[in-house]
Amino acid sequence: MLRYLARRLGQALLVVAGVVVLTFAVMRVVPGDPAVAFAGPKATPEQLAEARERFGLDDSLPAQLLAYVRDLVTGDWGISLRTRQPVRDDLALAFPASLELVGAALLLAIAVGIPLGVLAARYKTKFPDFGVRIGSMLAVSVPVFWLALAVQTLFAGALGWFPVAGEYDAELDTTSPLTLWTNITAVDALITGNWPILTSTLHHLVLPALVVAAYPAGVIAQMTRAALIEEAGQDHARMGRALGFGETSVLTRFALRPALNPVLSLIALVFAYALVNGFLVEAVFNWPGLGRYAAESIRSLDTPAIAGVTLLVALVYVLANLVVDLLQGLVDPRVRAR
């Protein structure tokens, strides 16, 4: 297990190194001069020179890359040209809201997708299987921005069951101020016993979480079905049938655990996809996460902030894959031997 862990860590570090170099290259090809964006269009030559010196823009590219890597390692992700604040501090405020949304959506997708996959595999080629396959195809195919607008129009606009936008009711900042611990509103409200904000946050979270969960739930259901059908034909499943177990017991007791290996790998992929896909959902529901921060940074050509968002999403993706690899190694010893 230690050798397996060391190998996976080495691969993860290589991916991170590649992402860092790619992010640096993107920062250098984005149109516009960061010094002008930071100092302003009416800056004097002296102010522009000071800004270029501050960002190291007059150094050679290898020197700039080394400085960029050094700053990242020491926790300096640059200064936002738009907010004039450290990018790391901006991300520390925006990322928890996105993590709250995507985390809730992924839990919902797993809770719905795996049981539906088991149901489809149990009744393969029958009506439940047909219904699950059609539903999962629709969930995967529908554009997320269209689904967000449709859900918002129906359940928030026409029926009035849920709020239109926002993370929680703004007036609660005055009547029930929240003490921050993790910057994840629902978690902080639960820790501090702030029930008005917790209730309001969960109420606001329902619609965007449903929209973000649609694609992962459909993909997880399809993968679970396919993996279970394959495992149901293996020797251990046939042995379960020979011992007198019913088909449902064979699937859940003998086939489900090995079938979860590809599903776990898929969950890491859909988590990163949902994090990026959630940017559009955040824009529709005015959710104060990475999506809004990234959109505002792109509009203002804030290259340090754009690079910070890109790097953060890549690191989350690598970390999610690493965690899934470790879980696979624990669940199935055969994976460690690969």
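Let's start in a loop: Asn183 sits between helix H8 (172–175) and H9. The model you are looking at is predicted, and in it the phi angle of Asn183 is near 70°, a positive value in a residue other than glycine. With a relative accessibility of 27%, Asn183 counts as partly exposed, because that class lies between the 20% limit for buried and the 50% limit for exposed.

From this loop, carry on into helix H9, which covers residues 185–192. H9 packs against H10 at an angle of about 150°, and their axes are 8 Å apart. Since angles over 145 degrees count as roughly antiparallel, H9 is therefore roughly antiparallel to H10. The crossing of these two helices, H9 and H10, is left-handed. If you would like to find the contact on screen, look for Thr185, Ala186, Ala189 and Leu190 on the H9 side, which meet Trp195, Ile197, Leu198 and Thr201 of H10. By type, the residues in this contact of H9 with H10 are 6 nonpolar and 2 polar, with no charged ones.

H10 has another partner to visit. Helix H6 (residues 127–141) packs with H10 at an angle of about 140°, the axes lying 7 Å apart. That angle makes H6 oblique to H10, and H6 passes H10 in a left-handed crossing. Here Asp129, Val132, Arg133, Ser136, Met137, Ala139 and Val140 of H6 meet Ala214, Tyr215, Gly218, Val219, Ala221, Gln222 and Arg225 of H10. The contact of H6 with H10 is made up of 8 nonpolar, 3 polar and 3 charged residues.

Now let's turn to the interior. The largest nonpolar core holds 66 residues, and Tyr68 and Leu91 have the most contacts inside it. Among the elements giving two or more residues to this core are helix H1 (2–29), helix H4 (61–73), helix H5 (87–122), helix H10 (195–231) and helix H14 (303–331). H12 supplies the largest share of the core, 16 residues. Tyr68 is a good place to pause: leaving aside neighbours within four places in sequence, Tyr68 is in contact with Val20, Thr23, Phe24, Met27, Ala307 and Leu311. A second, separate core has 6 residues, including Leu178, Ala186, Ile197 and Leu198. Of these, Ala186 in H9 and Ile197 and Leu198 in H10 also belong to the contact of H9 with H10.

We finish in another loop, the one between H12 and H13, where Asn286 is found. The phi angle of Asn286 is near 55°, again a positive value in a residue other than glycine. Asn286 has a relative accessible area of 39% and is partly exposed.

Key. Residues are numbered from 1 along each chain as its sequence is written. This is a predicted model: local features need pLDDT of at least 70, side-chain atom pairs count only at pLDDT 80 or more; totals for chains, interfaces and linings use all residues. Side-chain values use heavy atoms; hydrogens and water are left out. A nonpolar core is a set of buried Ala, Val, Leu, Ile, Met, Phe, Trp, Tyr and Cys residues joined through side-chain atoms within 4.5 Å. Buried means under 20% relative accessible area, exposed over 50%, partly exposed in between (1.4 Å probe, protein chains only). Helices (H or I, at least four residues) and strands (E, at least two) are DSSP runs, numbered from the N terminus. Contact means heavy atoms within 4.5 Å. Axes are lines fitted to C-alpha atoms, for helices over the stretch in contact, and angles run from 0 to 180 degrees between N-to-C directions. Angles under 35 degrees count as roughly parallel, over 145 as roughly antiparallel, 65 to 115 as roughly perpendicular and the rest as oblique. A crossing is left-handed if the near helix is turned anticlockwise from the far one by less than a right angle, and right-handed if clockwise. Ala, Val, Leu, Ile, Met, Phe, Trp, Tyr, Cys and Pro count as nonpolar, Asp, Glu, Lys and Arg as charged, and the others, Gly among them, as polar.
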